[in-house]
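Biologist: Hello! I'd like a close look at one part of this protein, taken slowly and with each term explained as you go.

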Amino acid sequence: RVYCAPPVYKDDSQQNEIVPPRMTHEGVEIVRVATWGDHRGSVAQRGLFAISFMLSVLLAVLRDRRDLSGIMVTTNPPFIGLVAVFAKWVLNIPYAVIVYDVYPDIAVRLDVFKSGSAVVRLWEQITRLIFRQAKGLIVIGRDMEKIVRAKLRDQSQRIVLIPNWSDERKIRPIPRQFNAFAELHYPSGHFVVQYSGRMGRTHNIEPLIEAAALLQDEPVMIQLIGDGAKREKLVELVAQKGLKNVQFLPYQPFEELDLVLTAPDMAMVCLGNEFTGLSVPSKTYGMMAAGRPILAFLAADSEIALTVTENECGVVLPAPTGEQVAALIRQLLADPLRLQQMSDNGYQAFLKHYSLSSAVIRYERLMRELFDGTAAIPAERTLSGHTQR
């Protein structure tokens with residue numbers, strides 16, 4: 001059973017779509033609880049949304065307490081774990097936490113709150129409480145595990161690494177000549193580097209723009225797809241430099257994600273070094289599923305940089321400059337065999353370690369162990385013909 005908020009649509013034409021408060025999808029019961037506010041609005045609106053969601057889930061857990069053998073919560077929204085703490089203390093229901101982002105650390109690094117302030121100290125204590133009372137903690141990166149471990153009193157507390165994934169049923173390599181998205185958006189004969197996703201304050205995309213300025217006279221195009229706090233500034237930067245080889249597109253329809261991710265010659269992922277371990281840019285697994293070589297602007301000891309390096313599926317630049325990026329792109333233009341080898345390496349590593357099938361097995365085994373006292377699961381499980389043991 002999943003407790004969630006009603007869906008939020010980016011397309012206003014869907015706003016009047018009727019969504020049932022309870023439904024079952026592929027054997028999973030979905031319960032949509034009431035919320036107020038707007039999680040995309042002002043700070044006050046987002047706060048109201050988070051608090052109302054937390055209270056609604058609390059009421060749902062109280063109502064359904066006899067059905068629940070365990071609870072899994074994530075770190076988004078940040079305080080939802082308090083519901084799980086209540087369930088443990090009052091209802092004797094164990095819980096585990098999936099750590100997607102580490103708070104309040106990210107908020108401090110973004111200067112949303114000042115380090116050492118009363119808000120940050122209280123938030124830190126709440127985070128530590130949620131972590132320490134959990135029966136298990138799931139992290140999505142080795143770098144994240146170090147930070148989470150430092151917040152625990154009991155260093156023997158169970159922490160399990162389960163990387164995020166991509167769905168192998170929906171994304172797989174598509175040759176450029178059969179890709180309608182590439183045919184529509186890419187100039188013939190151009191080498192395309194694509195960044196697709198949120199352009200937020202944690203994302204150091206600027207070196208890619210600087211490289212574009214050095215590659216204006218070469219058959220190279222930089223494509224930026226998505227939205228976020230940085231997008232407008234990046235558009236202004238491109239306009240100031242008068243660049244004609246940088247293309248901006250909005251988020252693309254989900255049903256076309258396989259075409260979008262498989263279209264470029266190289267896919268870029270980035271995260272500012274100061275955010276290493278506080279978040280893990282898991283879009284990387286979609287790039288690997290698409291069989292695209294990866295250009296990573298990441299700290300060398302970050303989870304994704306280690307993944308790229310260990311699997312030889314891309315190039316990591318820990319402190320990139322425009323000159324370094326431009327030089328690398330020129331090298332790869334002249335070395336198609338290296339590009340193809342990185343593509344193949346990434347796809348094979350994805351099938352082995354980062355598919356949805358792999359994640360399902362790991363999560364099911366862990367949930368049975370934590371909540372049922374057994375790790376027994378079926379010997380084989382497959383979603384798309386790729387058998388996982």
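Within what distance do the axes of α2 and α4 come, and at roughly what angle do they cross?

Modeller: Happy to help. This is a predicted model, so local features need pLDDT of at least 70, side-chain atom pairs count only at pLDDT 80 or more, and totals for chains, interfaces and linings use all residues. Residues are numbered from 1 along each chain as its sequence is written, and side-chain values use heavy atoms, with hydrogens and water left out.

To your question: the axes of α2 and α4 come within 9 Å and cross at roughly 45°. That makes α2 oblique to α4. Oblique is what remains once angles under 35 degrees are called roughly parallel, over 145 roughly antiparallel and 65 to 115 roughly perpendicular. The axes are lines fitted to C-alpha atoms, for helices over the stretch in contact, and angles run from 0 to 180 degrees between N-to-C directions. The helices (H or I, at least four residues) and strands (E, at least two) are DSSP runs, numbered from the N terminus. The crossing of α2 and α4 is left-handed, that is, the near helix is turned anticlockwise from the far one by less than a right angle.

Which side chains should you click on? From α2, Gly81, Leu82, Val85, Lys88 and Trp89 meet Ile126, Leu129, Ile130 and Gln133 of α4. Contact here means heavy atoms within 4.5 Å.

Two of these α2 residues, Gly81 and Val85, are on the list of buried residues of that helix, together with Val83, Ala84 and Ala87. Buried means under 20% relative accessible area, with a 1.4 Å probe and protein chains only. The partners of this buried set are α1 (43-63), β4, β5 and α4. Just after α2 comes Asn92, with a positive phi near 60°.

Now for the sheet. Helix α2, residues 81-91, lies across β4 and β5 and runs at about 155° to β4. For its part, α4 lies across β5 and β6, at about 125° to β5. The sheet is open and has 4 strands, in the order β4-β5-β6-β7, with parallel pairing. At the edges are β4 (71-74) and β7, each of which pairs on one side only. On average, neighbouring strands are turned by 25° against each other, direction ignored. Strands count as paired if DSSP finds at least two bridges between them. Between the parallel strands β5 and β6 there are 4 bridges, and in β6 the bridge partner of Val97 is Leu137.

One more helix belongs in this view. Helix α5, residues 142-149, has Asp143, Met144 and Val148 as its buried residues. Seen down the axis of α5, these fall within an arc of 135°, so they line one face of the helix; the arc is that of the directions from the helix axis to the C-beta atoms. The cover over that buried set includes three strands you have met, β5 (95-99), β6 (136-139) and β7 (159-161), along with α4 (118-133) and α11 (303-311).

For a tour on your screen, start where α2 and α4 cross, follow α4 over β5 and β6, and finish at α5, whose buried residues are covered in part by α4.

Methods
Buried means under 20% relative accessible area, exposed over 50%, partly exposed in between (1.4 Å probe, protein chains only).
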